[in-house]
Amino acid sequence: MPLIVGNWKMKLSPMKAEKLCAALADRASEFMGASVVLCPSFESIAACSQILKKGSASIKLGAQDCCWDDKGAYTGAVSPMSLKELGCSYCIVGHSERRAFFGETDDMIAKKISYLLARTSITPILCVGETQKERTQGIQKKVIRRQLEKALSSIETIKVRHIVIAYEPVWAIGTSVTCTQKDCSSIVSYCDSILQKYSSKLSWKIVYGGSVSSENCASFVAKGVADGVLVGSASVDAKEFISLIQNSITL
Ligand code: PGA
């Protein structure tokens, strides 16, 4: 079953997010062949949770970020425990926009991943991926290895848990330019080979993100490429996102 995550970013007001969530919940029975996760911005999570509680079991809820602690003096931050209470079962961590615009470092990301894995039942969706400059410099794999290994550097104490890795090349995000199927498949295998050393602690899925649409999703969820997709722009339009889910399932 492909995992299809909609990252709504800061693109929808609470009213619009509720409307989109309700439109998707109405069609949830058609999504049985996929695991669909919606990640609204924080202020819309509670309302979406209420909508999804009314019998849309095939759609799960996620957040776009979280703090590395449960409570305390962290002005403006959001606790993973609160996200859990509101019904989130996934949380995106280390998105390239958080790294680029909000100064998120590998160390902060490692703290969030370790907290989520050790102290909550929320599944982290860890984003990794190189910039265009890093790709041109030929250090794509080095960057991805660093991001993965740093993010997973403090998971010694966890019991066996599940994690989702999202390979999101920064140059493909919001640009309409996607990674080729071949490159995607090769990076997914590379991530898989790095993750092998954590296999006593972790099970994982690896998804692709970056300008995924209803037109191109099939090439990424194809057998031997990725386990699913992380979708930005195409997930905030009900019609487009529903076709994207349908086109991913029929494979
Ligand atoms: P995009 O965003 O689909 O709009 O390229 C993907 C993401 O940032 O997760």
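Colleague: How do you know that strand β1 and strand β2 are joined, and in which sense do they run?

Modeller: In this predicted model, five bridges join strand β1, residues 3-7, to strand β2, residues 35-39. Pairing requires at least two bridges, and β1 and β2 have five, so the two strands count as a pair. They run parallel. Two partnerships illustrate the register: L3 stands opposite S35 in β2, and N7 stands opposite C39 in β2.

Colleague: What holds paired strands of a sheet together in general?

Modeller: Strands of a sheet pair through backbone hydrogen bonds, in either a parallel or an antiparallel arrangement.

Colleague: What makes β2 mostly covered?

Modeller: Four of the five residues of β2 are buried, and a residue is called buried when its relative accessible area is under 20%.

Colleague: How do you know that β2 is also paired with strand β3?

Modeller: Three bridges join β2 to strand β3, residues 59-63. The requirement is at least two, so β2 and β3 also qualify as a pair. They run parallel, and V37 stands opposite K60 in β3.

Colleague: What lies between β1 and β2, and which handedness does the unit have?

Modeller: Helix α1, residues 14-26, makes a β-α-β unit with β1 and β2, and the unit is right-handed. The term applies because, with the strands pointing away from the viewer, the path from the first strand over the helix to the second runs clockwise.

Colleague: What kind of arrangement do the eight strands form, and in which order do they run?

Modeller: The strands form a closed barrel in the order β1-β2-β3-β4-β5-β6-β7-β8, with parallel pairing. Neighbouring strands of this sheet are turned by 30 degrees against each other on average, direction ignored.

Colleague: How do you know that β6 and β7 belong together?

Modeller: Strand β6, residues 161-167, and β7 pair in the parallel sense over seven bridges. One of the partnerships sets I163 against W204 in β7. The chain crosses from β6 to β7 through helix α8, residues 181-195, in a right-handed β-α-β crossover.

Colleague: What joins β7 to strand β8?

Modeller: Two bridges join β7 to strand β8, residues 228-231, and these strands run parallel. Since at least two bridges are required, this count meets the cut-off. In β8, the bridge partner of G209 is L230. Strand β7 itself, residues 202-209, is mostly covered, with six of its eight residues buried.

Colleague: Why is the protein chain said to be as compact as a globular protein of its length?

Modeller: The protein chain has ten helices and eight strands. Its radius of gyration is 17 Å, and the globule rule gives 18 Å for 251 residues; the two values are close, so the chain is as compact as a globular protein of that length. Along the principal axes, the C-alpha trace spans about 45 × 45 × 35 Å. Buried residues make up 53% of the 251 residues.

Colleague: Why is C191 called buried?

Modeller: The relative accessible area of C191 is 0%, and the cut-off for buried is under 20%, so C191 is buried. This residue lies in helix α8. Apart from its neighbours within four places in sequence, C191 is in contact with I144, L148 and I206. The C-alpha atoms of C191 and L148 are separated by 8.0 Å, although the two residues are 43 residues apart along the chain.

Colleague: What makes R145 in helix α7 count as buried, partly exposed or exposed?

Modeller: R145, in helix α7, residues 140-151, has a relative accessibility of 34%. Buried means under 20% and exposed means over 50%, so at 34% R145 is partly exposed. Leaving aside neighbours within four places in sequence, R145 is in contact with Y190, I194 and K197.

Colleague: Why is S176 called exposed?

Modeller: S176 has a relative accessibility of 72%, and exposed means over 50%, so S176 is exposed. S176 is placed in the loop between β6 and α8.

Colleague: What is notable about phi of S176 and of S211?

Modeller: Phi of S176 is near 70 degrees, a positive value in a residue other than glycine. Phi of S211 is near 55 degrees, which is likewise positive in a residue other than glycine. S211 is located in the loop between β7 and α9.

Note on methods:
Residues are numbered from 1 along each chain as its sequence is written. This is a predicted model: local features need pLDDT of at least 70, side-chain atom pairs count only at pLDDT 80 or more; totals for chains, interfaces and linings use all residues. Side-chain values use heavy atoms; hydrogens and water are left out. Axes are lines fitted to C-alpha atoms, for helices over the stretch in contact, and angles run from 0 to 180 degrees between N-to-C directions. Buried means under 20% relative accessible area, exposed over 50%, partly exposed in between (1.4 Å probe, protein chains only). The radius of gyration is taken over C-alpha atoms; the globule rule is 2.2 Å times the number of residues to the power 0.38. Contact means heavy atoms within 4.5 Å.
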